[in-house]
Amino acid sequence: KKIKAYAKRNKGEAGFNLHMCFYGNPGTGKTEVARILSRILYDAGVLSEAKLVETDGHGLLGKFVGETAPKTEAKIDSAMGGVLFIDEAYTLVDEDGKGFGQEAIDTILKEMEDHRDDFAVIVAGYSKPMEKFIRSNPGLKSRFNRFVHFEDYTPEELFEIFQSLCQKNAY
């Protein structure tokens with residue numbers, strides 16, 4: 001209810017967007033939380049479709065000049081109405097800023113702004129590379145204003161998960 005009320009109050013306002021950055025070590029639940037969040041945003045009426053389109057940085061890149069933008073646009077089009085989840089988004093950063101990765105970032109940034117009411121983008125990855133990714137382009141920092149750090153599980157939490165899986169599967 002709070003998400004729906006917040007979105008209703010702020011939708012259409014400059015600066016309002018659903019885009020987020022998830023960062024932390026592998027296995028901490030970033031992808032699973034994105035799946036759950038896409039369903040919550042749909043159930044709250046914020047998104048028009050209950051879907052999450054998953055890709056990684058390499059899934060947006062073309063192999064030849066001129067291929068990246070259409071490939072990235074196609075992935076974005078498939079996510080319209082829902083959530084585009086880009087795992088290991090930092091792989092889009094080119095050291096010189098002139099490669100295919102920059103073309104993908106530019107395409108994503110434009111669509112994030114033009115369609116901020118139509119879909120959400122969640123980028124995810126390891127902590128340090130994601131910080132570098134966000135700093136690589138001023139447009140990224142202005143589009144992603146929600147950052148969620150996923151802590152590692154403690155040994156006790158991992159044991160609880162293990163026990164739960166054993167019980168669930170009758171091991």
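In the predicted model, helix 2, formed by residues 30-43, lies across strand 1, strand 2, strand 3 (83-87), strand 4 and strand 5. The helix runs at about 155 degrees to strand 1.

The strands crossed by helix 2 belong to an open sheet of five strands with parallel pairing. Their order in this sheet is 2-3-4-1-5. Strand 2 (52-56) and strand 5 (147-150) are the edge strands, and each of them pairs on one side only. From one strand to the next, the twist averages 20 degrees. Strands of a sheet pair through backbone hydrogen bonds, in either a parallel or an antiparallel manner. Strand 1 (residues 20-24) and strand 4 (residues 120-125) run parallel and are joined by four bridges. Within this pairing, F22 has A124 of strand 4 as its bridge partner.

Aromatic contacts were examined next. A pair of aromatic rings is described by the distance of the centres and the angle of the planes. Two aromatic pairs are present in the structure. One of them is formed by F22 and F150, whose rings are 5.1 Å apart centre to centre, with 55 degrees between the planes, a tilted arrangement. Because F22 lies in strand 1 and F150 in strand 5, the pair ties together parts that are 128 residues apart in sequence.

Internal space was also assessed. Rolling a probe the size of a water molecule over the atoms shows where empty space is left. The count comes to one cavity of 30 Å³ or more. The largest cavity holds about 40 Å³ of space. Its lining consists of I86, A89, L92, I108, M112, V123, F133, L140 and F144. By class, nine nonpolar residues line the largest cavity, with no polar and no charged residues in the lining.

Definitions and conventions
Residues are numbered from 1 along each chain as its sequence is written. This is a predicted model: local features need pLDDT of at least 70, side-chain atom pairs count only at pLDDT 80 or more; totals for chains, interfaces and linings use all residues. Side-chain values use heavy atoms; hydrogens and water are left out. On a 1 Å grid over the protein atoms alone, a cavity is a set of points where a 1.4 Å probe fits but cannot get out, and a pocket is an open set with protein on both sides within 12 Å along at least five of seven lines; lining residues have an atom within 4 Å of a point. Grid points are joined across faces, edges and corners, and a volume is the space filled by probe spheres set on the points. Ala, Val, Leu, Ile, Met, Phe, Trp, Tyr, Cys and Pro count as nonpolar, Asp, Glu, Lys and Arg as charged, and the others, Gly among them, as polar. Two strands pair if DSSP finds at least two bridges between them. Helices (H or I, at least four residues) and strands (E, at least two) are DSSP runs, numbered from the N terminus. Axes are lines fitted to C-alpha atoms, for helices over the stretch in contact, and angles run from 0 to 180 degrees between N-to-C directions. Contact means heavy atoms within 4.5 Å. Rings of Phe, Tyr and Trp (its six-membered ring) pair if their centres lie within 6.5 Å; planes under 30 degrees apart count as stacked, over 60 as edge-to-face and the rest as tilted.
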